[in-house]
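Student: Please take a close look at a single part of this structure and describe its setting. I should then like to see how that part relates to the chains as a whole.

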Amino acid sequence: MTWLHATSVLYGNDEAGTARLVASTVHSAGRARAAGLVDRVTYAIGDSSREPAVTPDALKLLTERAERDGVELVYDFYDANLGSAEGNNRLMRDQQADLFLMVNPDCYAAPDLVERLARRVADDRKVGIAEARQIPFDHPKAHDPKTGVTGWASMACCLIRGEAFRQVGELDSATFFLYCDDVDYSWRTRLAGWTLSRVPTAVTFHDKRLTAEGAVKASPAEHYYAAEAALFLTWKYSRTDLTEHLLAQFAKGPDHHKLARREFLDRRSHGTLPEQLDPDHKVAEFVDGNYARHRF
Amino acid sequence: MDGKYQFNYTDASVYGHVVHLVRSHARPGGIVVDLGAGFGAIAEPCHAAGYGYIGFDVDPEGLDDLKARGFESARIDLDQPDDAVAAIDAALGDRPLAAITMLDTVEHLTRGPETLAALSELALRRGGAPLVVSIPNVTHIDLAAKLLLGRWDVTDTGLLDRTHVRFYDSRDIVEVPAAAGWHQVGADDFELVVSDQHFPEGLAVLSRKTPIGRLLADIRAAAAPSMLVNQYVRAYVPGKPVAAPSAPVDEPFATILVRTQGRRPETLHDALLSLAAQTCEDHEVLLLCHNTSDSQLRVVSDVVASFPPEFRERVRVVPVSGGRRGTPLNAGVAEARGRYVTILDDDDVVTAHWVEEFKRAADEAPGSIVRAVVARQDFVAGERGRMYEPIGPASCPYPDEFDFLGHLVDNWSPLCGFAFPRICFSEFGVRFDDELTVLEDWDVVVTMAPLCGVVSTKEPTSVYRRWLVGSHSGVDHSDAEWEAARTLIRERLNDRPVLMPPGAVARVRHLFASHDHQKERADKFEREANFLRERLHHVGAEYRNSTSWRITAPLRLFGKVARKLRAIQRARG
């Protein structure tokens, strides 16, 4: 009996978008069930929106839609913005699932996504997290072209082995509200002895858009939390040299850098920074401002 | 009638065309019933072809003339259908009906559809005799061009005969008879390059040699058939009435044409995935499988079938055989129901707001082409079972606004950045040129843009994948092919009048000014260079003639000898 537990955390998503998210996810999970890779599928949706993003009528339709693919769907309105890390923790906490599928609310799963990810995890007992390939813009971080082994796994869409999740523990929501919770979790998973694998045939559409110059657009919140995460990651993974370098840079940077710097310094003065890991720098990589070597 | 409709028969006249269709479709050995016969211009040729002939008309003048020539004739009022049919039955008696002819008659009838319906029943009752008609074409280019100038010149006879009560175009000529139970089986239209409406002399819109006349003729010729048809000459057989097709009411905003050869299921999968994720679901997808084998078609169908029903029910798989790159697109346009047509190759992907952004812009400028920014990313095909890979980040190298003048020079816009108003294909007759092996999209853009304009949205919404290794049109076709297509399109553009959008004059002025400025700069540099060359020459001459140069001559000779000796020593090792 293999139990797959899928999770998504909404934040201000419209009904049509949520319907697409649910349809694609349960359809893909249903196909994996039909292929015999999983037996039971549950799908927990958390909602960090100000107002419920799913009305009672819409929830009824979503539940019926999930049932058509044999998926049990539950919805929880948090009445608070918990961020992605704590939002997902709540949905996975105490669940004894064999596999956890994490799907961003702005993703659309390919029909064979779950099947491909589940096969990868089933085929290699060392894989703790299997990560999907993203379109329209593939993440530039490098991976081993033969094995798919990668430095960190994007949790926009990935499959976590239940055993690994229970060993590693929850996402560090106290430190990473929105950004880089996946980088941190990936490195902790590797420290626990698991490997991370990119599965190029498992595809998710991730609603990323471009600026006029061709760069992937980021919201002001993303800019801020990315800056904050950079400080916390360098600190947590024992690269205080980089932390100090960033603090010096951020002091002269734009407002969101200054705000991130202030948050870090506040936590440091209050002694609430995360415990430092990876003193020998076995897993953490900081390359040109990225958390892995990039292909381009 | 005072003889105004008395015209002589010749094989090259409209009567000759009618007799040709009678010979092709009439039942042998019977009677040709000529309704609205006038003076019976086709009586003798029908007789010569072995048919009996009875002329019917409401006007006695022609009937008397027919009798005098030895033909049967009878009075008839075709606006009284029942009486007319009774009169025909009475005249025919037991004799078989070979065909019914109506030359320049239907357009005079106030109850034309009813009369045609009654005649269809008569023909069916009498063994299925055909109907042959000649009807003036109200969409002849001469009429269309003059109407633009506010001219509607009614005349005693001809295209705008003052007694016409109904006008016919190339759709009516099929649909009106069909609704009355006559189904077209033959056509031998009578054309006139210069119709009776080709006046006044020297009117620019009527000449094919003036820019405006040529432009109108080009538009008219592409839009619909029969530009030069003076009279439609058609044959029909009787049958059940068929109502004209009604326009579909549930048109989606867009029809997305996805062209595939079924050779790249991985990229097709990704292209469809990006369509399934569209934030605007007001679209249908036509998957045009071009020259695919059965097994490739199965693979494509399986990819579609794998998607959730919410998406796959919007997708139709359309096999298309033969032709080049334009063929599947034309087939797709013909099948499309959307108000706009967008096109995606099976190796490209789009962002989630691709359709949404097209719709937003189209709502602001209905009927215009919409152009969005296309990003480009370099890829290599997967080898030895590996997935294809991007090898660089996306970039936006194409101009963010559509520049018509720029597009007259070259193609600056990948196809997935356009949404074309479908009405432009259906009403202007724009087609993807299947003679072109590449750049068929550029040809359509420069053809359609002057007609309906282009509105630009600066949002990048699609990704053109440039394959640096692997198969796609960029590498499947030779440089010579690309250049030949480019040359052909440029020559065609140069050969025809082209409408410029507002703002083009300022742009041309700017280009000229820029050119003049560059030329001035170049001239200035050349003058300066010449001056410096002269100065250099002059200074050199002064120097060589100077006392110091002459005094130091032995030193230079000594240096020259020393360099030579060193070179010899080096050569000896």
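Tutor: D79(A) is exposed, with a relative accessibility of 58%; buried stands for under 20% relative accessible area, exposed for over 50%, and partly exposed for the range in between, with a 1.4 Å probe and protein chains only. The model is predicted: local features need pLDDT of at least 70, side-chain atom pairs count only at pLDDT 80 or more, and totals for chains, interfaces and linings use all residues. Residues are numbered from 1 along each chain as its sequence is written, chains are lettered from A and ligands numbered from 1 in the order in which they are written, and side-chain values use heavy atoms, without hydrogens and water.

The backbone at D79(A) deserves attention: its phi is positive, about 65°, although the residue is not a glycine. Most residues other than glycine have a negative phi, and most peptide bonds are trans. D79(A) sits in the loop that runs from β3 (71-77) to α3 (83-92) of chain A; helices (H or I, at least four residues) and strands (E, at least two) are DSSP runs numbered from the N terminus. Beyond α3, the loop leading to β4 (99-103) of chain A holds D94(A). D94(A) also has a positive phi of about 65° without being a glycine, and a relative accessible area of 69% makes D94(A) exposed. Chain A has a cis peptide bond as well, joining I135(A) to P136(A) with omega about 5°. P136(A) belongs to the loop between β6 (127-135) and β7 (157-161) of chain A.

The chain around these loops contains nine helices and eight strands. Its radius of gyration is 19 Å, close to the 19 Å that the globule rule gives for 296 residues, so chain A is as compact as a globular protein of that length; the radius is taken over C-alpha atoms, and the rule is 2.2 Å times the number of residues to the power 0.38. The C-alpha trace of chain A spans about 55 × 45 × 40 Å along its principal axes. Buried residues form 55% of the 296 residues in chain A. With contact defined as heavy atoms within 4.5 Å, residues 24 or more positions apart account for 79% of the contacts in chain A that have a separation of 6 or more. The surface exposed by chain A is about 12,500 Å², and carbon and sulfur atoms supply 50% of it; accessible areas come from the Shrake-Rupley method with a 1.4 Å probe, and for residues only the protein chains shown count as cover.

Chain A also meets chain B, and the contact takes 38 residues from each of chain A and chain B. R20(A), Y108(A) and F296(A) supply 21% of the area that chain A buries against chain B, more than any other three residues. Between them the two chains bury about 2,800 Å², with 61% of it on carbon and sulfur atoms; this buried area is the accessible area (1.4 Å probe) that two parts lose on being put together, summed over both.

The partner, chain B, has 21 helices and 17 strands. The radius of gyration of chain B is 36 Å, well over the 25 Å that the globule rule gives for 573 residues, so chain B is more spread out than a compact globule. Its C-alpha atoms fill a box of roughly 130 × 70 × 50 Å along the principal axes, and buried residues make up 47% of the 573 residues.

Chain B also offers a backbone feature to set beside those of chain A. A cis peptide bond joins F199(B) and P200(B), with omega about -5°, and P200(B) is in the loop between β7 (190-191) and α8 (211-223) of chain B. A contrast with the exposed D79(A) is provided by M102(B), which is buried at a relative accessible area of 0% and lies in strand β4 (residues 97-103) of chain B. Leaving out residues up to four places away in sequence, the contacts of M102(B) include L35(B), L78(B), L109(B) and V133(B). Likewise, V233(B) in strand β8 of chain B is buried at 0% relative accessibility.
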